[in-house]
Amino acid sequence: MNDPRRRDILRFSALLSGLTPLAGCGGGGGDSAPVAPVAGPTPAPPPQQPAPAPPAPTPPAPPAPTPPAPSPPASPAPPPVASSGARQFSLLSGVTATAPFCVGFALKQGDIPSGSGIAVTGATAQVTVKNTWPDGSAKFALVAGTASLTAGVAATVALAAGTSSTGTALTLADLQAAMTQPVTVTCGSFGSASWSGADWAFPFETWVVGHRMSSWVYRKPVGSDAHLVAWLEVRLFSTGEVEMLPWVENGFLAVAGPANRSGSFTFLLNGSTRFNAAFDLPNHSRTPLVNGATVSHWIGTPYDLLVKHDGEYLQTTGLVPAYFARTPATAASVLGLPTSFSPLQRGSYPVGMGAGGYSNSIGLLPEWDAVHLTSPATATYKGVLFQAFSAGRYGIHYRDETATPAHRPALIKNYPALTIKEPSNSTHAGWTVPPQTSGTQAPGWATSHHPSVGYLAYLLTGWTFHRDTVQFASSYNSLFEAYPVRNGSEGVWKSTSAGATRHVAWCLRTLAQAIAVTPDSDIHYRSALIAQYQNNVNYYHARYIAQPHNPFGFVTPYSDYSNIAGSIAAGATSTVIPCNPGQLGGAGFDITRDDQYVGHKLYIGSESRTITRYVTATETITVSPGFSVAPAAGTGFSIKDEVCFDAPWMSDFFIAALGYSKDLAIGFDANTSTKFESFYAWKAKSVIGRMGSSAATEFLYRDYAPYALAVAPFDSPNGIPSNSGGWNTGSGPWFADWGAIYAATFGGRTPPGSSYPAYASPGPRVDGDLRPFMSPEFPAAEALPAIAYAVKHGLPGADAAYARLSSAANWNEFVLRVDAQPVWGVASGVFRR
């Protein structure tokens with residue numbers, strides 16, 4: 001049994017016995033900022049094994065930091081802004097002024113019909129639509145213009161179908177006229193990149209063309225360095241004011257010699273230094289050149305606006321989950337958000353992505369994004385943006401310097417064999433890798449545990465920096481997987497790979513978000529992303545729908561949660577088998593109870609025998625009848641219980657990701673759409689079925705969220721279900737009904753690999769209170785998004801299942817706890833509790 005599994009089960013055992021409260025894996029600004037307190041104990045989902053990294057030479061010490069130029073003072077915290085469900089947002093300023101602004105705005109399908117203009121009240125503004133719904137109505141737009149603001153008072157800006165504002169568009173010539181002094185990014189000894197005069201006539205990307213605001217993106221290599229690139233996103237307003245977001249990147253896909261870049265980085269705008277700090281930028285990382293409370297730089301008045309979208313309306317669009325949680329502005333999850341930014345800070349990301357235990361980063365959206373939707377606090381806006389900036393610290397930024405179009409996040413369709421994972425394995429047949437990095441290594445990114453990054457920040461601001469963050473994350477998730485596993489350029493994530501079912505869930509979530517942030521006009525890039533999602537649908541449909549399979553909606557797990565593997569010590573007979581020390585759980589496990597595995601099977605080679613005695617002090621197993629020969633020392637063995645256990649919470653992640661993807665209206669072709677609906681309905685059975693009645697043939701809803709669940713009445717070779725014909729062909733055998741799954745799960749026996757007593761009977765099979773650990777950090781909460789989307793999309797049995805949960809006497813107590821930690825508090829309808 002591998003060490004991560006051991007650690008997970010140990011933590012869960014402690015939880016069951018009440019011995020140890022489990023600390024969450026959270027964090028605030030920097031590496032030592034406060035975190036939201038943990039409400040209660042939680043199991044530790046098994047982490048993905050990190051890929052081995054090449055040894056990193058000791059990098060040179062970065063230069064002493066230069067004090068940064070003072071940033072404008074942050075606006076005083078205004079009073080909270082309540083949601084009303086209206087199609088609007090609020091602007092808050094620390095000064096009284098007519099201020100320019102640009103805001104991203106998500107729209108509900110049908111609100112702005114195809115062919116209709118968009119009228120704005122409360123501001124003088126244009127609206128630029130970037131994406132539309134399948135019926136042609138507006139889906140996502142950028143709202144830009146000016147608003148008359150009073151210091152400390154929220155000004156409401158509303159959108160409606162109507163007559164759009166029109167006028168003469170601002171052009172590159174207008175920008176060139178406004179830029180009277182050079183703009184320069186300097187990266188210490190590596191050189192600089194500068195824009196002036198005719199440079200403004202050649203943007204990398206034209207993002208918005210309008211009469212109130214036009215915006216462009218620029219890029220230049222830094223000096224003669226092959227890897228460092230300076231980027232600018234520039235917004236020119238009709239008032240003559242200019243807003244800029246500068247950043248530096250150190251990441252290409254295949255340029256030779258990737259390494260860290262350490263030095264003093266500066267940003268010079270309009271003759272003054274706006275940013276000056278020393279830091280060490282690992283390869284495949286990037287960071288905005290902002291610090292303190294600043295989120296952008298201005299020529300003119302340094303506006304420091306806070307934006308608060310109407311949370312209830314935004315949740316009705318489907319582009320973000322709808323939450324039943326109502327998070328107070330005083331909640332620790334709000335107060336613990338970062339309030340400032342410095343390059344490469346950790347913020348609220350976990351210390352080690354993929355470590356065991358609860359993390360507020362995991363969910364359809366991470367908690368720092370969820371609270372922006374569920375809390376009236378206005379400080380959450382910058383918390384979302386600073387967290388999105390912090391995502392640049394991860395080594396996921398692989399720009400493709402050669403593909404068409406060039407300098408975009410790499411697409412899986414162009415690289416059938418290139419694999420980022422384990423770059424030292426470049427000798428594998430057909431396996432190609434990018435150049436290996438040296439120097440300072442970026443923090444690890446675990447595809448099986450990665451949070452949504454940049455997505456909500458993009459919906460709120462429309463900055464292309466955040467759009468690219470989402471695309472980078474999905475690109476890395478795709479290329480990280482070994483090419484034979486992912487079906488080459490198809491980019492399929494399989495539940496049978498090492499990242500397990502949760503890996504599939506979060507990678508599909510991020511891919512769906514990457515599609516959502518890619519404009520409709522970006523046909524080449526967008527179509528490639530949609531094709532990749534369709535490849536995943538085709539794979540899962542072929543495996544689980546086109547051939548008869550498990551009738552309860554369980555995909556093939558990566559491993560059997562009830563399996564021990566080890567080796568035999570010297571001195572074995574055909575009936576008495578001593579195990580090498582630590583083979584039956586090792587230090588920390590409860591190995592003081594004799595005979596906890598009696599009745600299970602001991603497998604050695606092709607033979608299996610029933611265990612009749614197990615002595616914990618010597619880790620000696622007795623079997624009957626004896627093996628045909630006494631096994632030699634060092635021979636491998638495994639203990640199995642003739643039941644395959646898997647983590648239902650991983651299955652719930654997958655279901656939730658599918659339901660959320662459906663809301664995002666990805667744009668499948670008709671055939672794929674039909675397959676998606678079939679697979680989604682089949683997969684959702686694995687959560688709906690766990691919320692059954694007290695009938696003997698059903699799974700009692702009171703116990704819907706065990707840490708591990710019996711999913712098949714047979715073991716698999718070496719504890720790996722993908723080695724089993726029953727899983728691969730769909731032939732099983734399978735349990736007769738949900739009642740049989742319930743009985744096998746709570747049979748009172750200790751599954752191999754668990755500490756005693758993991759799965760004792762929870763109590764009478766009668767109606768009553770919910771009996772899982774009712775904590776926002778436990779599988780009881782992690783199932784809520786899955787069942788919520790199943791209800792929302794009208795899947796059979798989902799509404800009755802949800803009704804059983806919500807009618808339990810302790811349901812309201814549960815949801816009140818979720819208010820303070822809302823990441824799993826997804827509603828089955830709009831704000832339905």
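Trainee: Which residues in H5 meet Thr380, Tyr381, Val384 and Gln387 in H6?

Mentor: Happy to help! This is a predicted model, where local features need pLDDT of at least 70, side-chain atom pairs count only at pLDDT 80 or more, and totals for chains, interfaces and linings use all residues. Residues are numbered from 1 along each chain as its sequence is written, and side-chain values use heavy atoms, leaving out hydrogens and water. With contact meaning heavy atoms within 4.5 Å, the H5 residues that meet those four in H6 are Trp368, Asp369, Val371 and His372.

Trainee: Is H5 roughly parallel or roughly antiparallel to H6?

Mentor: Helices are DSSP runs of H or I with at least four residues, and angles run from 0 to 180 degrees between N-to-C directions. H5 (residues 367–374) and H6 (residues 380–390) pack at about 155 degrees, with axes 9 Å apart. Angles under 35 degrees count as roughly parallel and over 145 as roughly antiparallel, so H5 is roughly antiparallel to H6.

Trainee: How many residues of strand E11 are buried?

Mentor: Strands are DSSP runs of E with at least two residues, and buried means under 20% relative accessible area (1.4 Å probe, protein chains only). Both faces of E11 are covered, with Leu228 among the buried residues on one side and Trp231 among those on the other. For E11 (residues 228–237), the count is 10 of the 10.

Trainee: Which residue in E12 is the bridge partner of leucine 232?

Mentor: Strands pair if DSSP finds at least two bridges between them. E11 and E12 (residues 242–250) pair in the antiparallel sense over nine bridges. In E12, leucine 232 is partnered by proline 246.

Terms used:
Parallel < 35°, antiparallel > 145°, perpendicular 65-115°, else oblique. Buried < 20%, exposed > 50% of the residue type's maximum accessible area, 1.4 Å probe, protein only.
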